[in-house]
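The following exercises concern the backbone geometry, helix packing and nonpolar cores of a single model. Each task is followed by a solution in steps.

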Amino acid sequence: MADFPPFEYLMVLPRLRVQNANALSSPMTHGFPSMTAFLGLMWALERKTQAAGLDLQFNAVSVVAHDFDEQTHRSGYISSFRLTRNPMGKDGKPAAIVEEGRIHLELSLVFAVRSDALREPGKAREVAAQVQELVSTMRIAGGTVLPIQPRNRKQAPYVEPFTGDDADNKKRFNRLKMRLLPGFVLVERSDLLDERLAELRKTAPDANRLDAWLSLSRINWTWQPGEDGSGEWQHDRKGWLVPIPLGYGALTEVQAPGSVANARDSTTPFCFVESVYGIGQWLSPHRLQSSEQMFWYPDSQPNEGLYRCRNGYSPELTPEYDYDL
């Protein structure tokens, strides 16, 4: 497993408004774009900043969701995506309707970066503004970034240096997470998957990790009898838990560039993959105890065919919490 990458600065692009982002994060999950989309954005942004002459190394990314509006219709207990009809084809016939989920978002992006340029006095704000301008020209999870209001102080980008001692860095992080409120940060909770699997095997020894994942993906209600013959229904949901994709597992060997017909990029090695799933939790930033807990970073293991997103959250560092919902 890859270690958390080092960083010297946190670059914050607050309150970006994204329209029509991809709400389908994998073949089995929806409701928020996959973290793979934000890691892809980070890499694309690093290439753009290098082309623009900026000395920035992006090592990890965090997403703080302030608001969301998934584009769905609701009829009774069933929700369906609002679909659009595509333009007529060359033959004059209507194109087939392909189901796609869309979501409007208001989010803050926090990048863990290293850079010598940010050490120059007064340079950080200028560089952050340039990065924000580049992001405004890019797609975020397939969605369009709405114009940023220059006079809106809530959307002003900034950089927090983390080059001091531990006490100084903790003080800066405490100040940063307060500025990100109100909002929610997605963290990985693979520890809950292990706990649920152990719990299921007490009554079903053949239970596997898929059973545990499905159990955590739903709200399980059970009848709890009382002493006087009465009772009540109770559910097992603690916190805002969600099933999420964590990356990709290889189905084939890596193919040479251009050797697979109809591949999108003929200059990059190609590999057939399937999604890797896990459990995530939305937490308010003020519940985090260190900056590493909020970040996601890549962990590529080609020899094992695993291309995964990692998160630095550790429940041992977080005190017992009350519910976010």
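**Exercise 1. Unusual backbone geometry**

N20 lies in strand β1, where strands (E, at least two residues) and helices (H or I, at least four) are DSSP runs numbered from the N terminus. The model is predicted, so local features need pLDDT of at least 70 and side-chain atom pairs count only at pLDDT 80 or more, whereas totals for chains, interfaces and linings use all residues. Residues are numbered from 1 along each chain as its sequence is written, and side-chain values use heavy atoms, with hydrogens and water left out.

Task: State the sign of phi for N20 and for A141, and classify the accessibility of each residue.

Solution.
- Step 1. N20 is not a glycine, yet its phi is positive, about 60°.
- Step 2. The relative accessibility of N20 is 31%, so N20 counts as partly exposed; buried means under 20% relative accessible area, exposed over 50%, and partly exposed in between (1.4 Å probe, protein chains only).
- Step 3. A141, also not a glycine, has a positive phi of about 55°.
- Step 4. A141 is placed in the loop between β6 (139–140) and β7 (143–145).
- Step 5. With 16% relative accessibility, A141 counts as buried.

Task: Locate the cis peptide bond that precedes P182.

Solution.
- Step 1. The bond runs from L181 to P182 and has omega near -10°.
- Step 2. P182 belongs to the loop between α3 (166–179) and β9 (184–188).

**Exercise 2. Two helix pairs**

Two packed helices are described by the angle between their axes and the distance between the axes.

Task: Describe how α1 and α2 pack, and which residues make the contact.

Solution.
- Step 1. The angle is about 120° and the axes are 10 Å apart; axes are lines fitted to C-alpha atoms, for helices over the stretch in contact, and angles run from 0 to 180 degrees between N-to-C directions.
- Step 2. α1 and α2 are therefore oblique to each other, given that angles under 35 degrees count as roughly parallel, over 145 as roughly antiparallel, 65 to 115 as roughly perpendicular and the rest as oblique.
- Step 3. L45, K48 and T49 of α1 make the contact with V131, L134 and V135 of α2, contact being heavy atoms within 4.5 Å.
- Step 4. Sorted by class, this contact of α1 with α2 has four nonpolar, one polar and one charged residues. Here Ala, Val, Leu, Ile, Met, Phe, Trp, Tyr, Cys and Pro count as nonpolar, Asp, Glu, Lys and Arg as charged, and the others, Gly among them, as polar.

Task: Carry out the analysis for α4 (residues 190–200) and α5 (residues 209–216).

Solution.
- Step 1. The axes of α4 and α5 come within 9 Å and cross at roughly 105°.
- Step 2. α4 and α5 are therefore roughly perpendicular to each other.
- Step 3. On α4, the residues in contact are L192, L193, D194, R196, L197 and L200; on α5 they are R209, D211, A212, W213, S215 and L216.
- Step 4. The contact of α4 with α5 divides into seven nonpolar, one polar and four charged residues.

**Exercise 3. Nonpolar cores and buried strand residues**

Task: Identify the residues with the most contacts inside the largest nonpolar core, and the element that gives the most to this core.

Solution.
- Step 1. A nonpolar core is a set of buried Ala, Val, Leu, Ile, Met, Phe, Trp, Tyr and Cys residues joined through side-chain atoms within 4.5 Å.
- Step 2. The largest one has 45 residues, and M11, F38, L109, F111, V131 and I140 have the most contacts inside it.
- Step 3. Elements giving two or more residues to this core are β1 (9–22), α1 (35–51), β2 (57–70), β5 (102–114), α2 (124–136) and β12 (240–250).
- Step 4. α1 gives the most, with seven residues.
- Step 5. A second, separate core of 20 residues includes F7, F162, L180 and V185.

Task: For F58 and I279, give the strand, the burial and one C-alpha separation.

Solution.
- Step 1. F58 lies in strand β2 and is buried, with a relative accessible area of 4%.
- Step 2. F58 and V113 are 55 residues apart in sequence, with their C-alpha atoms 4.6 Å apart in space.
- Step 3. Not counting residues up to four places away in sequence, F58 touches residues including M42, L45, F111 and V131.
- Step 4. I279 is in strand β13 (residues 273–283) and is buried at a relative accessible area of 1%.
- Step 5. I279 and L192 are 87 residues apart along the chain, and their C-alpha atoms are separated by 7.6 Å.
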